[in-house]
Every structure is written in structure tokens, then in C-alpha cells.
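Take a look at the model below. This report goes through it part by part, under short headings.

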Amino acid sequence: MPPKSFFELMQWGPQGWLDEMTFATGLTLAVAISGFLFGLVFGTIAAMGKLSRRAIPRRLADVYTTVFRGVPDLLVIYLFYFGGSAMVTAIAQKFGAQGFIGLPGFLTGTLAIGIVSGAYQTEVIRGAYLAVPPGEIDAARAFGMSGWRLLRRIIGPQVLRYGLPGMGNIWQLVLKESALVAVVGLSVYFYEVKLGDLVLIYETRFSDLLRQAHVAAGSTRQPFVFYITAVVFYLLLTTASTWAFRRAETWATRGLRQV
Amino acid sequence: MDFTFLYTSFLRLIVGIPLTLQLAFSSIGLGLVLAILLAAMMRSRLLPLAWIADGFVFVFRGTPLLVQVFLIYYGLGQFRPYLDEMGVWWFFRSPYYCALLALLLNTAAYGAEIVRGGLQSVPHGQIEAARAFGMSGFTLYRRIIAPIALRQALPAYGNEIILMIKATSLVSTITLMEVTGLAHKIISETFRAFEVFFVAGAIYLAINFTVTRLIALAEHWIAPDLDQASRPIEVGKLSH
């Protein structure tokens, strides 16, 4: 059988791989978004720690950012994937379960990316908070604002504005980092149950973009075609993100004097 | 804590340090040469040269390093007959050379932007003054432009070096047994992810700490008059 041409391989439907690659791009995007949001939570907590007057939260936040910015991301993914499963297995065995229990790759993968990106986001959030002029906070206090209202009306919007360029950088980083989950083989299963006379269960398995390219490369023996396609899909994602963040920055700085 | 296990893991992991350092420093060294070349192309008046350099930087900064590693190591295997004919198959067959190539192309793309930024930061008045003194061409670069650009670019380049040391961990996915590869092997054998992460993480932190200190020394050495606080250190600056 002669090898298929590029366009034959990249058809939509069961004959080609375009649909698989497109869904895989969607999953990569989902992993990146979840990882980024986890990172926002960890980053906000750690930034609060770093800005705290107490020594212990400051120290803990420092350890967190130093460790997770200084250690390779792949190592963190291994920690979460194997460590998380080992922990769950140990707990389950206490309750009488047997064997090894694997954690869903999506959860461990996005948590690992979240922990790492959170360490970077900490610095952005801290820097953006410190950029808020203290006079504005004093003024707001003089108006009787405090706590949640101060955060929502004065600090929040400005932190968002000052932090946006840095967050854009981190989003790009997260998008590219999400490729690492391919190493531990993240995949998501979708089940579809149709009720009628018969109950049918369809199972569809999605992998992330790099994993999908790897699988397709193995099954067609045309690795270059699929990796270069993955390159194109990643470029689409990063280019679209650059555009979106530029739009967001224009929006966030509207009504602001441009220097 | 099981100190015996930590110690035996440590002994097994340090075997990978030479490969980690070797890959990091050879790719950074070769990558810097390519980065300078790319930065020169980006500033070139010959537009096609500038386009090629811009395109290269766009592709390598816009895609994950792991995809680049796979594209070079697995992807180019598709062209084995041609590569064989050209007599370069020995290069693309070896995971070491493929990893080195991917790392060096990747760091060159990020490095080109840093070098370009450094060159752009040279105040025009300085160049005009040098020209008024009769300097031009290579002398101008050697005496005026390069020293100023270097001072400006070194903090960002230091970040890039740290990122590259971390990035070498990806080569473990194409069978190279550096620190992360060995860590993965020990974890698969023992399922003791926490302890292994602790030891391997400590090794990376130690390397990165040493390198950070060396870069700070170099910064002080090339610009002892500049106050640390007045230098543009970008907090949380990332590129990968």
C-alpha cells in the first residue's frame, strides 16, 4: 500500500485524522485553562502570604515560589501523577481495597501545571498589588470602604490592569507547558448513554494535542506529518492568545492616559 | 523519613548531573551564537533575511519545546532514506544530538529576542558620539554597542539559562538518562514519588542557585558601577 498523501491523512472523519487533531487541540486548551485557573488560586494565596506582615506565611510563600520555579515542570508532573496515585492507593488500602489505583490524568496534570504556574503568578499578582498607589487605598478608606468592598472597587480592578501583561506571559507558558501532560498520557473518556429499548454506551477517548500526534504518527508511520500539524495547531493557539490578550489590555486600560 | 532510601536515590541521581549540565551548557553556548546571528538578521536591511529570522523566532517561541524535540527526533525519522543519502542519518538517529539540536534551536529563538532588546537599548547618542570620534563598523560594535547591550541583556539572559537547565529535563522523554530521567526510573521502580522528587528537586535547586550566584557575579563584574536596584530585573520574567 502506498503511503497516503498529506491531504488524505488530514481528512475530517474516520478516514483521516483532522477531527482527532482538532478535538485534541480542544483538550489541550481545556488543560491549559484549568491549569491556569488552578494557578490563579495558588498564586493569589501565595501572593497574600508574601504580602503578609507575619513571618510564617511569608516564609512559606517564599519556599513555594522558589521550589516550583526552580524545579523542572516535568518533575512536578511526575510527582503529582505517581505521588498522587500512591497516596490514594495507600488510603484506599486502609479501607481494604487492593491493587494500584491510578488517579485521572486530567486532574493530576492540571493540578501540577496549576502549582507551577501559580508560583509564577504569585510574583505577577504581588507586583500588580504593589503597583496600586497607596493613596487610592487611603482615599477609599477615608470614604469608609473596607474589606471586600475596597478589594472589589479599588484594588481588584487595578491589580487586574497592572497584572494583565504578566498574566499574558504566564498564559503562553501554561499553554506550552500543557504539552508535558502527554508524557503521562492524559486522556479523557466521554460516555454517551442512549435510552430506548436498548441502552447503548459509546466511549470516546480524547488525548491532548501532542499525545494525539504521537499516536497518529505511530499508527500511520508518518511522524513528520503529524508533529508538524501539531506545530501548526500550537501556533494557532499561541497566536490567538497573543491577539486576545492585546485586546484585553486595550480594554483594561481604556480611559487611561497613554504614555 | 527513610534516610537510607534518600541517600541511595541521591547516589543514583547524581550520575545524571553531568548529562544535564553538558546538554544545558552546550545548547546555551551554541544557541547564543545562533541567537546573535538571528538578531543581526532581524535588524538587517535585507528584508528576506529579516523575515526568515522573524519566522524562526515565531515558530520556536510559539510551540512547546517538547513538540520540537519530538519533531526532530521522531518526525525527521520519516525522511530516513534521504537523510541516509545525505550522510547525516547518524546525527538524527542519536537521541543526544537530536535533543541538543532541539534545545539549541529553542534557546536561540528566545536568545535572539534578548539580544535584539539589548541592542535596541543602546542610546542613539552614544552611537552618534562614537561615529563623531571616527569609529565605525567592528570598532563601534566592540567598543560601544556590545558592552552596553551586554549589560542590558545579561539579567534576561540569566533567566534564559535557568529556564534551559530546567528544560533539559524534557530530553528524558527520548530515552536520555539525565537527572529527571533517572528520577522517573526510580519512581517507576519504587513508587516513592515524594522522596525522589525531594532529592531530584534539591539537585536542580542547588544547580540553579549556583548558576544564579554566578550570573549575579558576572553582572557585578561587567558593570560594577551600576547599583543592583537600578538595573531592570524583570520579576517573574518568563519566556518558555
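## Lining of the second largest pocket

The lining of the second largest pocket is mostly nonpolar in number: 19 residues are nonpolar, 4 are polar and 3 are charged. This is a predicted model. The pocket holds about 890 Å³ of space. Its lining has 26 residues, and those closest to the centre are Thr44(A), Ile125(A), Tyr129(A), Leu151(A) and Val159(A).

Which helices build this lining? In chain A, α2 (18–51), α5 (105–131), α6 (134–142) and α7 (147–177) each supply at least two residues. The helix that gives the most is α7(A), with 11 residues.

## A salt bridge in chain A

Helix α5 of chain A also holds a pair of charged partners, Glu123(A) and Arg126(A). Their side chains meet in a salt bridge, with N to O at 3.6 Å. How far apart are the two residues along the helix? They are 3 residues apart in α5, so about one helical turn separates them. Over all chains, the count comes to 9 salt bridges.

## The fold of chain B

Chain B has 11 helices and 0 strands. Read along the sequence, its pattern is α-α-α-α-α-α-α-α-α-α-α. How much room do its C-alpha atoms take up? They fill a box of roughly 70 × 50 × 25 Å, taken along the principal axes.

## Where the chains meet

Chain A and chain B are in contact. The contact takes 42 residues from chain A and 40 residues from chain B. The area buried between the two chains is about 3700 Å². Carbon and sulfur atoms give 81% of that area.

What about polar links? Between chain B and chain A there are 9 residue pairs in polar contact, with both residues at pLDDT 80 or more. The count of salt bridges between these chains is 0.

## Chain B's side of the contact

Several helices of chain B touch chain A. At least two residues each come from α3 (47–62), α4 (65–73), α9 (137–167), α10 (179–190) and α11 (193–222). Which helix gives the largest share? That is α11(B), with 8 residues.

The residues on this side divide into 24 nonpolar, 14 polar and 2 charged.

Note on methods:
Residues numbered from 1 in each chain as written. Chains lettered and ligands numbered in written order. Heavy atoms only, no water. 1 Å grid on protein atoms, 1.4 Å probe; cavity = no way out; pocket = protein on both sides within 12 Å on 5 of 7 lines; lining within 4 Å. Points joined across faces, edges and corners; volume = space filled by probe spheres on them. Helix = DSSP H or I, 4+ residues; strand = E, 2+ residues; numbered from the N terminus. Nonpolar A, V, L, I, M, F, W, Y, C, P; charged D, E, K, R; others polar. Contact = heavy atoms within 4.5 Å. Buried area = accessible area lost by both parts, 1.4 Å probe. Salt bridge = Lys/Arg side-chain N within 4 Å of Asp/Glu carboxyl O. Polar contact = N/O pair within 3.5 Å; in protein donor to acceptor, adjacent residues only side chain to side chain.
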